[in-house]
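Q: Please walk me through a close look at a single part of this structure. I'd like to see how that part sits in its chain, and how the chain sits beside its partner.

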Amino acid sequence: MSSATLRVQKISGHAGPVPGEGTQRQQQVAKLIDTTTCIGCKACEVACLEWNDLPFRETVFDNTYQTMPETEWNYWNLIKFNEHTREDGSFQWLMRKDGCMHCADPGCLAACPADGAIVQYQNGIVDFQQENCIGCQYCVTGCPFNIPKFNPHTKKVFKCTLCSDRVGQGLEPACIKACPTGCLHFGTKDDMRDLGQTRVQQLKDHSGFQNAGLYDPAGVGGTGVMYVLHDITNPEAYGGLPSNPRVPWTVRLWKGPLKWLGNAAMIGGLIGVTMHYLRFGPKQVEDRGDRP
Amino acid sequence: MIQRYTLIERTIHWVAALTYIYVLLTGLAFYSPHLYWIGTMLGGAPTSRFWHPWIALLFFAAILWMLRVWRSDMRITSIDLRWGQSIGKYIRNEDEDLPPVERFNLGQKYFFWVMLWAGVVLLVSGAVLWFPERIPWNFRGFRYAAVLLHVSSALITIGAFIIHVYMGTAMVRGGFTSIIRGVVTPGWARLHHRLWYDRVTGR
């Protein structure tokens, strides 16, 4: 939402270069979410609503502790609760704070046709600029994590900003500040990756989670929100976290080759009819009256 | 003069034409960042995005109405296919050597059916693009297919539209007047649509 102190490195629907691109490098920031120490208290959900001044909305009870089935346009931070049965029959609570992943290669931004409606700052935060949003919802189709949500009343799309307004002022995101167990961490991407890998090693060495791993999917160029998972081989068990998220290939084809093919075909068509006219001219009818 | 298009037919044509031009221009604005200015000129991109699907529904209604009125005229016959084999002569303006055709020639019929079927694909894929969140996440393949189908079928209609406008205005003299005033000269009718001419004049 706020871009005052953050430099932009990518702009949606933008013809031409990004102003000020490459003038200064900034550290990538990242959130690290350790699902193994999350207790599902939802303090982060409340902090998100508080800081972003979102109204508390109706919850949807679905036989779990989860507040609602998925994130909403005015509910950007949602703990997904999963009662997971392991192979040996034992039970495990899997709780994952769901929200925008702040992809290095964001599908929402690739799909967006509106100039400046989605930007990526040089620190890696992907942010929606609602004043430029046209409400087409292509970002909804582009996102592999089902995150952007449409407000049908204002016809704008919303999602987690990674508290870009706070980060721009040197503060950590509101959810991080509220977490009572310290399962949420915020810092540079490198530091968070190191911290995550240390925690993964700890889980393997001391807690018997041989499949523990750090979720930082390469299919979207890595993410600005990483998870420590007990079982990296089965991220789907954590409320549908995709095991290999990618920007849909149809979106890539549509925004890439198809656009240039279409441009060439349209220009070719105009040139073609012009050339036809120059070569053959119009069909004139010599009027011979009403005689057969 | 010979009556070629009734007032109703001309009205449908122009409803379809004007609504198509609006969705074409606004659609192009969302198609390429280099054409985004079109949206700005037409009252702003959010306004363009708001009206695009509604005007498209009007276009589709006009196409359906056209189908009702022209269905039998647009049926492709063996006469048309024979005409199609000599399409090179038509392109080279050697019209006297072409086999005679009915009220519409093969090109006009193809144009009609291309717009109709592309319109159906645009309608269905457009509905998905209009309400993507109504497509459940597990069926998101439909969202992914819709973006491709929408732009591909739109590009096909644009190709057809370029040829149609060129032929209706510059190439086939008298065609544009006929869709405005509804009448053609007997010579025009005899040259371009001999079988239709024979039928309506009772020869």
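A: Helices here are DSSP runs of H or I with at least four residues, strands are runs of E with at least two, and both are numbered from the N terminus. Counted that way, chain A has eight helices and 11 strands. Please keep in mind that this is a predicted model. For the complex, the predictor reports an ipTM of 0.91 and a pTM of 0.91.

The part to look at closely is strand 2 of chain A, which covers residues 29–34. A little context on the chain will help before we zoom in. The C-alpha atoms of chain A fill a box of roughly 100 × 45 × 40 Å along the principal axes. The radius of gyration of chain A is 25 Å, whereas a compact globule of 292 residues would be near 19 Å. Of these 292 residues, 41% count as buried. Among the contacts in chain A with a separation of 6 or more, 64% are between residues 24 or more positions apart.

Now to the strand itself. Six of the six residues of strand 2 of chain A are buried, so this strand is largely enclosed by the rest of the structure. Both of its faces take part in this: A:V29, A:K31 and A:I33 point one way, A:A30, A:L32 and A:D34 point the other way, and all are buried. Notice that A:K31 and A:D34 are included in that list of buried residues.

What lies alongside strand 2 of chain A? Strand 9 (residues 184–188) of chain A pairs with strand 2 in the antiparallel sense, over five bridges. Strand 11 (residues 225–229) of chain A pairs with strand 2 too, here in the parallel sense and over four bridges. Two residues let you trace these pairings by eye: A:V29 stands opposite A:T188 in strand 9 of chain A, and A:K31 stands opposite A:V225 in strand 11 of chain A. Strands of a sheet pair through backbone hydrogen bonds, either parallel or antiparallel.

A:V29 deserves a moment of its own. This residue counts as buried because 22 C-beta neighbours lie inside 10 Å, where the cut-off is 20 or more. Setting aside neighbours within four places in sequence, A:V29 is in contact with A:N123, A:G124, A:I125, A:V167, A:T188, A:K189 and A:G224. One of these contacts, A:T188, is also the residue opposite A:V29 in strand 9 of chain A. For a sense of how the chain folds back around this spot, try A:R166: A:V29 and A:R166 are 137 residues apart in sequence, yet their C-alpha atoms are 12 Å apart in space.

Other strand pairings in chain A are worth setting beside this one. Strands 1, 5 and 6 of chain A make an open antiparallel sheet in the order 1-5-6. Strand 1 (8–11) and strand 6 (126–128) of chain A each have a single partner strand and stand at the edges, so one side of each is left without a neighbour in the sheet. On average, neighbouring strands of this sheet are turned by 30 degrees against each other, direction ignored. Strand 1 of chain A is joined to strand 5 (residues 118–121) of chain A by three bridges, with A:Y121 as the bridge partner of A:V8.

There is also a hairpin to find. Strand 3 (residues 78–85) and strand 4 (residues 91–98) of chain A pair in the antiparallel sense over eight bridges, and A:W93 in strand 4 is the bridge partner of A:E83. Five residues lie between the two strands of the hairpin, and A:G89 in the turn has a positive phi of about 90 degrees.

Finally, step back to the partner. Chain B has 10 helices and two strands, and the predictor gives chain B an average pLDDT of 96. The contact between the chains takes 39 residues from chain A and 37 residues from chain B. On the chain B side, helix 3 (45–70), helix 7 (141–171) and helix 9 (186–192) each supply at least two residues. Helix 7 of chain B gives the most, with 14 residues. By class, the side of chain B that touches chain A has 23 nonpolar, seven polar and seven charged residues.

Notes. Residues are numbered from 1 along each chain as its sequence is written. Chains are lettered from A and ligands numbered from 1 in the order in which they are written. This is a predicted model: local features need pLDDT of at least 70, side-chain atom pairs count only at pLDDT 80 or more; totals for chains, interfaces and linings use all residues. Two residues are in contact if their C-beta atoms, placed from the backbone, lie within 7 Å. Ala, Val, Leu, Ile, Met, Phe, Trp, Tyr, Cys and Pro count as nonpolar, Asp, Glu, Lys and Arg as charged, and the others, Gly among them, as polar. The radius of gyration is taken over C-alpha atoms; the globule rule is 2.2 Å times the number of residues to the power 0.38. A residue is buried if 20 or more other C-beta atoms lie within 10 Å of its own, exposed if 12 or fewer, and partly exposed in between; C-beta atoms are placed from the backbone. pLDDT is the predictor's confidence in each residue, from 0 to 100. Two strands pair if DSSP finds at least two bridges between them. Axes are lines fitted to C-alpha atoms, for helices over the stretch in contact, and angles run from 0 to 180 degrees between N-to-C directions.
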